Structure formats: structure tokens, C-alpha cells
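Ready for a few hands-on exercises? Keep your viewer open and try each task before you read its solution.

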Amino acid sequence: MKKKLVSVMLTAAMGMSLLAGCGNSAAEVAETATEVAETATEVAETATETAAEVAEEITDYGTGEVKVWVADNVVDFTNEQIAKFQEAHPEMSGYTFTVEPVGEGDAAGNMITDVEAGADIYAFAQDQIARLVTAGALEVVEDANAEVVKSENDAGAVAAATVGGTLYAYPITSDNGYFLYYDKSVVKDPSTLEGIIADCEAAGKNFYFELNSGWYQTAFFFGTGAELTYETNDEGNFTTCNSSYASDKGVVALKKMLEVASSKSFQNGSSVSNATNCAAIVDGTWDAQAAKDMFGDNYACAKLPTFEGADGKTYQMSGFGGFKLLGVKPQEDDMKLAVCDALAAYLSGEEVQMARYDAVLWGPSNLKAQQSDAVKADEALSALADQLQYTIPQGQYPGDYWSLATSLGDSIISGEVKADADDATLMQVLTDFQTTCESYAK
Amino acid sequence: MAQSADSNKKNAIANFFKALGNGFKEIGTTFVEGDFKTKISFLIFGFGPLLRGQILIGAALLALEVLFFWFMAGFGWKYLSKIGTLGTVATKKVGRKTVYGDNSFLILLFGVLALFAVLAFVVIWYINIRENRKEELLLKSGKKLPTNNEVFMSLFDKNFHKTLLALPVTGIFVFTVLPIVFMILVAFTNYDKNHQSPSNLFTWVGLENFKNLVSFSGAGIGSTFTHVLLWTLVWAFLATFTNYFLGLGVAMLINKKGIKFKKLWRTILVMTIAVPQFVSLLYVMKMFANDGLINGYLIKWGLIKTYIPFWTDPVLARITVVVVNIWIGIPYMVLIATGLLMNIPEDLYESARIDGANPWQMFKSITLPYMLFVTGPFLLTQYTGNLNNFNVIYLLTQGKPQSVNLAEKAGNTDLLITWLYKMTVNDTNYRMAAVLGIMVFVVTAVISLVVYNMLPSVKDEEGFQ
Amino acid sequence: MKSYKAKRNLSNVLTYILLVIISIIWLFPFVGLVLQSFRSYATEYGGMVDYLIPKQFSLDNYKFLFDSAQTNYVLWYRNTITIAICVAVLQTLIQLCVSYALSRMRFTGRTFLMRFWLILGMFPGFLTMICLYFLLKQFGLTQAGAIPGLILVTVASCGMGYYVCKGYFDTIPKALDEAARIDGATRARIFFTMILPMSKPIVIYTALVAFMAPWCDYVFASYVAFGHDTSYNVAVGMTRWVWTNDYQGYFTRFCAGGVLVAIPVTLLFMFLQKYYVEGVTGGAVKG
């Protein structure tokens with residue numbers, strides 16, 4: 001009976017606050033109340049901080065809800081890990097955790113559209129980080145955690161999670177790079193690009209490479225030694241662009257791309273499940289299982305091949321080594337932020353990274369996890385590791401770069417940039433490209 | 001014709017101001033000639049009607065006034081007061097905690113809503129005054145006021161339209177008019193990915209975005225805009241007329257005398273209407289892919305050596321979307337034409353046949369003029385519909401292939417509407433999207449207006465009867 | 001006479017050949033869709049292939065769709081049906097009301113209202129999505145509340161689509177109304193007891209069109225659901241299977257899901273085709 005009365009009063013109170021014009025005055029009163037309480041806890045904190053560990057146990061985290069967004073195929077895995085996290089942290093039992101399947105691409109877009117409705121913790125691919133920082137969708141990693149992250153993960157991963165001089169996210173994988181999957185009954189020698197394409201053409205099979213992606217394109221440009229990097233400040237704004245695409249090196253790369261695109265075996269794409277009649281595909285570890293299914297017994301992988309440039313020199317294909325990150329969104333409540341920090345640190349720790357590898361084969365960014373035998377024995381991951389020595393860790397790039405690169409790729413594929421164009425024309429294309437790239441940094 | 005329309009317009013404007021003047025005059029006379037009940041009603045809505053026993057009307061007016069002040073005090077004013085700057089308090093950090101400042105987005109949105117409320121308030125005030133005046137005049141002339149019951153019942157008879165339209169009109173106001181006004185205003189702000197609420201503020205920038213649209217140098221997107229606009233117009237023309245004539249042709253085939261299973265043929269065609277487009281178009285997109293089913297079989301059968309780049313070649317991609325659109329669009333035309341073709345009097349054809357006309361001549365001089373006349377407005381709505389045909393383009397190509405010659409992610413098959421969509425959803429570039437939206441409106445409106453006035457069925461309502 | 005008959009026969013044969021070719025082209029994608037849906041993702045291959053007929057027929061894709069441990073497809077399906085039914089009922093009701101008022105009654109502001117709505121219709125709807133999203137959010141009708149939110153938005157703005165229905169009402173002679181009014185019937189009575197019973201075809205047409213639209217709603221529905229995957233409709237849920245790289249090898253499952261979506265809508269459409277034809281024809285002529 002008493003309980004019922006309380007709930008009636010609660011609803012009444014809620015109704016009242018609603019009546020008060022969407023809770024204007026009532027909320028203000030409440031706010032001042034919590035502010036008072038906060039100053040109280042702050043005082044208490046400074047007092048207890050000296051008392052060190054004991055304080056941790058008596059911290060009242062209150063109650064709340066934490067929403068986590070991860071890709072669909074790791075939802076179950078994340079739920080299991082969160083259950084373990086809850087066991088280990090009984091003091092945070094006031095919080096409920098929900099995991100929703102929102103892929104890395106959608107997550108960033110949604111977070112930018114409406115930060116407040118977005119997840120508290122979300123996984124995203126590193127190319128989104130600058131955008132997310134600018135939109136105020138990423139909280140700075142707490143100092144203690146930041147030290148751990150920096151010391152336990154590989155340098156590339158840490159750089160990828162850093163904007164300006166500040167660490168904004170927790171690396172979870174270090175496998176966002178690409179290499180070659182191929183059918184060993186068709187492709188005899190995967191060491192040269194020309195050989196691969198010739199084998200594919202002879203067998204009437206397709207060679208997949210996503211030319212219209214700013215991410216894959218760099219395999220050619222960086223391979224010949226052309227450069228494109230950006231520098232950011234702490235707010236996620238791009239300050240400088242270092243580019244040497246408009247150079248002889250760039251032209252060599254562009255010529256090779258045009259040559260590849262004109263092969264009858266060439267198909268634009270990097271997704272195994274969209275590939276048909278495929279004998280070789282440049283793709284990442286996330287497609288390892290799909291590639292195994294597709295190639296069956298003939299499954300094989302290797303680092304990216306070398307190619308012979310128009311200038312007669314041999315170049316090793318390069319590209320990006322990329323990372324998947326876990327971000328915490330800015331919170332209006334200190335305690336909830338502490339819970340989110342703790343969970344994000346846990347989900348990106350060595351143990352969970354290993355478990356994640358076991359569950360879904362995502363290559364860890366944690367140094368110790370990388371040294372484990374299982375990871376070292378993985379075919380796809382070792383091909384990636386071979387490739388990684390030729391790639392550059394992917395830093396920050398403005399969102400516009402990716403769409404610009406898509407335009408360049410589409411123009412190459414459609415023949416708008418002609419395969420037999422002279423060097424001056426190609427140089428003009430690259431100069432335009434570089435100028436536009438530079439215009440993104442202010 | 002044009003002249004009379006012009007003078008009509010002038011008259012309309014003159015009438016409007018006349019009505020406005022009369023309105024003010026009426027307010028004045030009501031106050032001067034009114035009794036104390038009426039005078040107090042100027043401040044307290046419905047005071048007069050309440051005292052005169054018109055409880056229903058009086059209470060409704062009073063309730064609306066109370067509602068307005070309650071809304072403004074608790075909600076509306078805090079947004080409306082900041083609409084000039086769209087907020088000045090920036091988001092800041094207190095310790096590690098984030099304290100959000102002003103939310104420019106909500107200020108603009110609810111500021112506009114509050115403005116609407118103010119407008120509505122003025123209108124209600126005016127209605128309130130007129131009601132008082134009406135009642136006073138009725139009483140003066142010795143007539144009785146309608147009873148409350150009569151007032152209520154009139155909502156089902158004389159004022160039935162008010163009952164019927166109240167809900168739809170409110171709905172359209174909140175969920176269509178308000179958002180449209182909001183987005184028009186966004187075109188004059190710098191709301192984009194760098195000024196995203198709630199973490200960052202945005203503010204008014206005047207005509208800057210429009211300048212960017214028509215700027216052909218540097219970062220301006222003028223040339224891309226022209227490119228996309230032209231293709232949008234060409235696409236709509238091709239899509240409309242291929243569907244129209246081919247649809248008419250197929251309908252005539254099915255309707256031909258001596259052809260059996262008419263219903264079966266139609267049912268087969270109608271499948272494309274019935275099956276949801278996101279299923280059928282996505283499948284067709286995959287079918288035409290470079291490595292898709294069609295290329296696969298053509299290569300397997302040895303008909304072609306290398307794949308046909310249906311989606312990756314700019315020209316071919318445009319042709320392919322038009323062709324697939326025929327597949328999607330013909331059935332509508334077949335359905336429509338089937339009914340209409342049967343309306344053409346058979347004796348027209350008989351006499352033509354006696355005169356020795358061949359089928360083509362009969363089509364040219366009887367069928368086609370009739371169809372064009374009857375379906376003129378339909379063609380127009382089809383054309384404007386195709387200008388904004390999002391589904392076909394987006395599900396098939398997403399506007400691709402892109403090109404180094406086009407800015408802002410625009411592709412060779414992009415229509416204004418798909419380009420705008422990509423800008424809002426992928427780039428959160430709302431400022432330019434809003435400008436584009438206004439352009440889409442202008443294009444649609446201009447074409448509708450021009451073509452509508454040219455339609456034979458509008459010029460001559462009695463023809464062909 | 002004989003040659004005339006022969007000529008006619010020849011032209012009929014040609015027509016039949018043409019119609020058969022057209023039918024094949026029109027049905028081919030659907031046949032393809034159905035065939036692909038029977039290719040198992042588990043034992044054969046779930047991605048794209050360049051052959052049409054699966055090596056082995058299997059129901060794996062359909063089993064997957066109904067396995068709630070693996071996917072929320074059944075839930076999305078239920079969401080879509082809920083939206084479709086609610087929208088069909090409410091939208092029909094509102095459009096009938098609007099059409100009756102605009103067709104039968106003359107009041108101040110009538111032509112203004114019609115013109116204003118016509119102009120409003122020329123603004124592209126996407127522009128307002130972000131705004132509608134935040135409006136709905138204010139009422140708590142996004143994410144978990146996305147289904148009622150979608151219904152609300154669709155129904156709230158449907159009044160503007162009155163054209164076809166009003167066109168139909170315009171063809172019912174006004175003399176009928178006047179006779180009834182002389183007998184003392186109110187407008188409401190005329191509407192409910194006279195006009196509505198005569199409007200069966202247009203009621204069915206309006207409801208059918210309203211019912212079919214939500215199955216296709218991808219753009220706005222994905223916005224409103226905002227990552228909350230239990231509030232997806234089929235279109236949002238399934239397009240992710242084709243467009244996102246997180247779902248490798250989901251193509252055949254997409255096909256199977258597509259077939260299940262197409263079946264009820266197609267059946268309904270086939271049964272009510274007569275009314276649909278009446279509706280579009282009337283609408284086309286009236287403009």
C-alpha cells in the first residue's frame with residue numbers, strides 16, 4: 001500500500017514538473033540541489049583521496065543507464081564481457097548496461113547527428129575521430145587510463161586515438177589494414193601485381209581492389225613514396241596538410257591505377273560477400289571467415305604485391321594500417337562518466353582483446369595480446385603483420401578527403417581520367433586533387 | 001490570358017489590404033461602441049461571451065489565452081528570447097563533467113514554434129473581438145443568441161468543416177509547416193558539421209550560403225550545382241516520357257482486340273508496384289553490377305569479352321537508371337491508360353478506318369491527342385514527381401559514379417534531392433542542404449506554374465466533351 | 001477478307017510474342033530473388049554469386065529469419081505491420097474528412113488552404129527530417145518510441161494528400177446532399193450515412209496506398225529508430241544487410257527476407273487491384 005502511494009506521489013511530482021513548462025523552474029531547483037550535493041562530494045573526494053584505496057570502495061556511483069554501440073557480430077561477446085565487468089565491480093551495480101548493434105560507420109554518423117541520444121560508449125573506425133571530436137562526441141580519456149592505454153598498446157594505435165596532443169579514445173584492434181586474399185589454384189605467384197592480374201585474366205576470374213576508396217588508394221600512392229598527412233589541433237580541426245601527390249611519384253602511382261582499372265579482370269570492391277567469380281581480393285581481416293568460405297581449400301593470403309612503375313622501378317604496395325577505437329561520450333554526470341571510463345578501459349584491456357580475438361578473430365592492438373601464440377599463428381593476421389611493415393599508421397584525415405578520393409577513384413574507373421593520357425594531364429589531375437586536399441586544412 | 005491573370009493578382013493584393021484595413025476599423029469600432037463586457041474582453045478573452053451566456057465559446061477562448069501564456073512562460077519565451085543570436089552560452093567543462101550551454105538548434109526550432117504561437121494568439125484575439133461584436137449586434141437588433149447546444153451542434157452541420165479539418169490542419173502545421181520554416185531559416189545560418197548542437201553554437205550568416213551556391217570559383221559549388229540541376233531536369237523529362245509512351249504502347253498491346261488473358265498480362269506488370277522498391281531495386285542494382293548476374297551470364301555465354309560497366313560509367317549509369325525506371329514505372333501508366341483507352345468512342349476509329357487510315361495514323365490523330373488531353377495534369381505531376389524521384393536513384397546508384405569534376409560528393413547520376421540527402425545524412429552540412437532544398441522548391445514551383453498554364457485541359461475545360 | 005484476317009492473326013501472334021518477352025523481363029528479377037533466397041548461406045555461400053540457380057535448394061535463410069536468437073527480423077516485420085495497419089486506418093480517416101470538407105463545403109479560407117498545401121508539397125521532405133527527429137524526440141517518440149513516432153508523423157501530414165479522394169467525392173452529385181439537407185439531415189449525417197457508404201472504392205484505394213507505403217520507408221524510419229534495432233522496420237533492418245560491411249554473406253538472407261515482405265503486400269494488391277486502378281485512373285485524370 002505504502003509503495004503504491006509513493007509511486008502515485010512520484011507520478012504526481014513528475015506531472016507537476018511537466019506542468020511547470022517542461023520542468024523549467026522545478027529542474028532549476030533540482031539542479032541547484034545537485035550542485036550543492038556535488039560540491040559536497042567534491043570536498044569529500046579531496047578528503048578521501050588522501051586516504052587512498054579506501055575511498056574507492058565507499059564511492060557511491062548512484063544509478064543510471066549506460067548504452068553501448070558495437071557491431072552486430074560482437075553484441076553477444078560484448079554482453080558477456082560486460083557481465084564479467086559487473087561481477088568485478090559490485091560498487092557500480094546501480095547501473096544497467098544495454099548493448100545495441102550499431103555498426104562502426106553508423107555509430108559515428110548517429111553520434112554527430114544527436115550526441116545526447118547517442119550511446120555512452122561506442123566503437124568506431126579511426127577515420128571518424130577528428131569529426132567526432134569537433135562535434136563534441138568524444139570525451140578525453142582520463143589521465144590514469146590514458147597512461148595505461150599509451151603503455152600497453154602499439155604506437156600506431158595510440159597515435160590513431162590521439163587528436164592534437166590529447167588521447168580521445170581507447171584502441172581495441174590494430175587490424176584495420178588490408179592485404180591480399182587469393183585463390184591459390186588460380187594465382188600462382190602473389191608477389192607481383194602484374195602476375196596476379198595476368199593469372200586472373202588467363203583464368204577468366206576477377207581481381208578485386210577498391211580503387212574508389214581513399215583508404216585503399218594509398219596502397220599505390222604511398223607505395224611510390226607520395227605523401228598525404230594532416231595535422232590536427234586539440235579541437236579536432238585540421239591545421240596543416242603535407243602532400244606530395246602532385247609529383248612524379250604521384251603520376252607513377254596514378255598510371256598504375258589506370259592500368260589496373262583497364263584490366264578486364266579488375267573489379268572495384270573490397271567486400272568478399274559482394275564479390276563474384278573472385279580469384280584475388282585486397283581486403284582486411286574482418287573478411288577472413290567469409291574469404292575462407294568463398295575460396296574453400298584454395299584459401300591463401302599474403303602481403304600486398306609489388307608492382308612495376310612506368311619509370312621501370314619496382315615498388316612495394318603500401319597503404320594504411322588502421323585501428324578500431326572505443327569512445328566515451330561527454331557526460332553531464334561525473335559518476336556516470338567514471339563508470340563509462342572504467343567500462344571502456346575494461347573492454348579495451350588485454351584480457352578482453354584476447355577474448356575478442358578468440359571470439360571473432362579481431363586482431364588486438366594490445367602489445368601483450370599481439371605476442372600470444374594464437375594471434376601469431378593466424379594466417380590472415382600474419383599476412384597483415386607482413387604488410388604492416390610497409391604501411392604507415394593512419395593518422396587523422398578530414399571527412400572530405402574520403403569523398404574526394406572516391407571521386408578520383410570513380411573518375412579512374414569510368415575512364416574520365418584516360419588511361420593513355422599524357423603525363424601533363426595526369427599531373428594536372430593530381431595537382432587539382434592536392435590543392436583540394438590542402439584546402440581542407442585551415 | 002496572362003493579362004487577366006495579372007490583373008486578378010493585383011485585385012487579390014488590393015482585396016487583401018482592403019480586408020486588412022476593414023479588420024482594423026472593425027477592431028476600433030468594436031472598442032468604441034462596445035459595452036464594458038466587450039472592452040474587458042480585449043484583455044480577458046471570452047469575457048463578454050461568458051457573461052452573455054455563451055459559455056462554450058467564451059470558455060474556449062479563455063482556455064486558449066491561458067494555454068498561450070502558460071506555454072510562453074514555461075517553454076516558449078526562453079527560446080524566443082534568444083532567437084536573435086541563436087544562443088551565446090558555450091558548452092564548458094566543469095572538472096571532467098560537461099555542462100552544455102545554449103542549444104542553437106532547439107532555440108531556432110522552438111523559437112519558430114513560439115513565433116507561430118504568437119501569431120495564433122493574435123488571430124484568436126481577433127476572433128475573440130469579432131465574436132463580441134457579433135453578439136452585441138445580434139442583441140441590439142433584438143435577436144436571441146444561439147444556445148450553447150446550438151453552438152455545439154453546429155460543429156456537425158454548418159461548421160462541420162471545422163470539426164473535420166481541425167486535426168489535419170494542426171498536424172500539418174506542427175509536422176510540415178514548422179519544419180519547413182525551420183529549414184528555410186537554416187539556409188541563413190552556419191549550421192554544419194563544425195557548428196553542431198549541443199556542443200557548438202551556430203548563428204545567422206545572412207546570404208553567405210546562397211553566395212556559395214552560385215560561386216563558380218574556388219570552393220564554390222556553382223558548377224556542380226548547374227551540372228546536377230541539368231541532369232535532374234533531363235532525367236525527369238526522360239523518365240516521364242519514356243514511361244508515358246512505352247506504357248501507352250504496352251497498354252494498347254494488351255487492349256488489342258483478340259488478345260486473351262488481358263488480366264494476366266496486367267497482373268504480371270503490376271508486380272513491380274506491389275513489391276516494395278527497397279527489395280526489387282536493390283536486387284536489380286546487384287543484378288547490373290560489374291560482377292553481377294547479367295554481366296556474369298553475358299561473359300559466360302561469350303557474348304561479351306569484358307563486363308559492361310552499367311553503374312560505373314557515367315553515361316551508361318544514366319542510361320541504366322532510365323531503363324530500370326521504365327521497368328518500375330510503366331505499370332502505373334498501363335493501369336491508367338487501360339481505363340482511359342476504353343473511354344475513347346469506338347465510332348471515331350470506325351469512321352477513321354472507313355476513311356482508310358492506318359493504325360499509326362489513327363494513333364497519331366485520335367488516341368494520342370485524347371490521351372494527352374486527358375492526362376495532362378498527370379504528366380505534370382509525374383514530371384515534378386520524377387524531379388524528386390529519390391528511391392530509384394538512391395537505391396540503384398546512390399548518385400554514383402562520383403567525379404573529380406564535381407564538388408561536395410555529387411555524383412553523375414545525382415538528382416538535387418539525392419545530393420541534398422547525402423549532404424544532410426552523410427555530411428551533416430545542413431546549411432547547404434537547406435539552400436539546395438529551397439532551390440528544389442523553386443525549380444518544382446516554376447515548372448509546375450509554367451506547365452500548368454500551358455495545359456490544354458486547363459485552358460479549355462469543355463474540349464473533347 | 002481472308003488477307004485481312006490473316007494479317008490480323010499475324011499481328012496478334014506478334015503481339016503475343018511481344019507480351020511474353022515483356023513478361024519475362026518483368027518477372028526475371030523476382031524469379032531471381034526467389035531462387036537466390038533458396039541458396040543456403042551455411043552450406044553453399046551467402047554472398048553474391050554469378051549464377052542464378054542454387055546448387056542445392058535449402059530453407060536455411062528462412063530458418064535464420066525466424067530464429068530470434070540470431071536476428072530481430074520477426075520483430076521488424078511485426079513493427080512494419082503495426083505501422084502499416086495504423087497508418088492505413090488513420091490516414092484513410094483523415095483524408096476522407098479533409099476531402100469531404102473541401103469537396104462539399106464552402107468556407108472562407110478554403111481555396112487558400114488548398115493552394116497553401118499545394119505549395120507546401122513542393123518542398124522536399126528530406127530537409128525536414130532532422131527537424132522532425134528533434135520534434136519527436138521532445139515527445140519521447142524516437143528510439144524505443146519510434147513506432148508510434150513514425151505513425152504520428154505520417155498521419156499528421158497526410159491531410160495534404162487529399163487529391164484523389166476529393167476528386168472522387170466531386171463526382172458524387174451534389175443534388176443528393178441538397179435533397180438530404182432539405183429533409184433536415186446534418187452535414188455530419190450526410191457524410192456518415194450517405195457519402196461514406198458510396199465511397200467504398202476510394203476508401204479501399206486510400207487504405208491500400210497507405211498500407212503499402214510504410215514497407216518502403218527506409219530513410220526516415222532509420223533516422224527515428226536511431227540505432228535502436230528493436231524499433232526498426234523491415235526496410236531499415238534489411239538494407240543494412242546489403243549496405244554495411246558488418247554483414248558479410250547476408251545477401252541470400254536479404255533475398256529471403258525480401259520474398260517474405262513481398263508476399264503479403266503483393267497478395268493484398270492483387271486482390272484489390274480493381275480499386276487501385278479506379279483510384280489511379282481517377283487521380284490521373286483529375287490531376
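The exercises below, each with a worked solution, concern a predicted model.

**Exercise 1. Confidence in chain B**

Find the mean pLDDT of chain B, and work out how to treat residues 1–5 and residues 461–465 of that chain.

*Solution.*
- Step 1: Chain B has a mean pLDDT of 86, and 95% of its residues reach 70 or more.
- Step 2: For residues 1–5 of chain B the pLDDT stays under 50, and the model has 0 contacts for them beyond four places in sequence.
- Step 3: Residues 461–465 of chain B are also below 50 in pLDDT, and this stretch has 4 contacts beyond near neighbours in sequence.
- Step 4: Predicted coordinates should not be read in detail where pLDDT is low.

**Exercise 2. The contact of chain A with chain B**

How many residues does the contact take from chain A and from chain B, and which helix gives the most on the chain A side?

*Solution.*
- Step 1: Chain A contributes 39 residues and chain B contributes 35 residues.
- Step 2: On the side of chain A that touches chain B, the elements giving two or more residues are H5 (104–113), H6 (129–134), H13 (334–347), H18 (399–414) and H19 (423–439).
- Step 3: H18(A) gives the most, with 9 residues.
- Step 4: Sorted by class, this side of chain A holds 11 nonpolar, 18 polar and 10 charged residues.

**Exercise 3. The contact of chain C with chain B**

Repeat the analysis for the side of chain C that touches chain B, and sort its residues by class.

*Solution.*
- Step 1: Here 65 residues come from chain C and 73 residues from chain B.
- Step 2: The element of chain C that gives the most is helix H1 (residues 2–37), with 13 residues.
- Step 3: The classes on this side of chain C are 48 nonpolar, 14 polar and 3 charged.

**Exercise 4. Two packed helices in chain C**

At what angle do H4(C) and H7(C) pack, and which residues make the contact?

*Solution.*
- Step 1: A packed pair of helices is described by the angle between the axes and the distance between them.
- Step 2: For H4 (residues 73–104) and H7 (residues 146–156) of chain C the angle is about 25 degrees, and the axes are 9 Å apart.
- Step 3: Angles under 35 degrees count as roughly parallel, so H4(C) is roughly parallel to H7(C).
- Step 4: The crossing of H4(C) past H7(C) is right-handed.
- Step 5: From H4(C), the contact residues are C:Asn79, C:Thr82, C:Ile83, C:Cys86, C:Val87, C:Leu90, C:Gln91 and C:Ile94; from H7(C), they are C:Ile147, C:Leu150, C:Ile151, C:Thr154 and C:Val155.
- Step 6: By class, this contact has 9 nonpolar, 4 polar and no charged residues.

**Exercise 5. Backbone details in loops**

Locate the cis peptide bonds before B:Pro198 and B:Pro401, then decide whether A:Leu361 and B:Thr428 are buried or partly exposed.

*Solution.*
- Step 1: The bond from B:Ser197 to B:Pro198 is cis, with omega near 0 degrees, and B:Pro198 sits in the loop between H7 (160–186) and H8 (208–213) of chain B.
- Step 2: The bond from B:Lys400 to B:Pro401 is cis, with omega near 0 degrees; B:Pro401 belongs to the loop between H16 (390–396) and H17 (416–425) of chain B.
- Step 3: A:Leu361 is not a glycine, yet its phi is positive, about 65 degrees. A:Leu361 counts as partly exposed because it has 17 C-beta neighbours inside 10 Å.
- Step 4: B:Thr428, also not a glycine, has a positive phi of about 45 degrees and lies in the loop between H17 and H18 (430–454) of chain B. B:Thr428 counts as buried because it has 22 C-beta neighbours inside 10 Å.

Methods. Residues numbered from 1 in each chain as written. Chains lettered and ligands numbered in written order. Predicted model: local features only at pLDDT ≥ 70, side-chain atom pairs only at ≥ 80, totals over all residues. Contact = placed C-beta atoms within 7 Å. Helix = DSSP H or I, 4+ residues; strand = E, 2+ residues; numbered from the N terminus. Nonpolar A, V, L, I, M, F, W, Y, C, P; charged D, E, K, R; others polar. Buried ≥ 20, exposed ≤ 12 C-beta atoms within 10 Å, placed from the backbone. Axes fitted to C-alpha atoms, helices over the stretch in contact; angles between N-to-C directions. Parallel < 35°, antiparallel > 145°, perpendicular 65-115°, else oblique. Left-handed = near helix turned anticlockwise from the far one by under 90°. pLDDT = per-residue confidence, 0-100.
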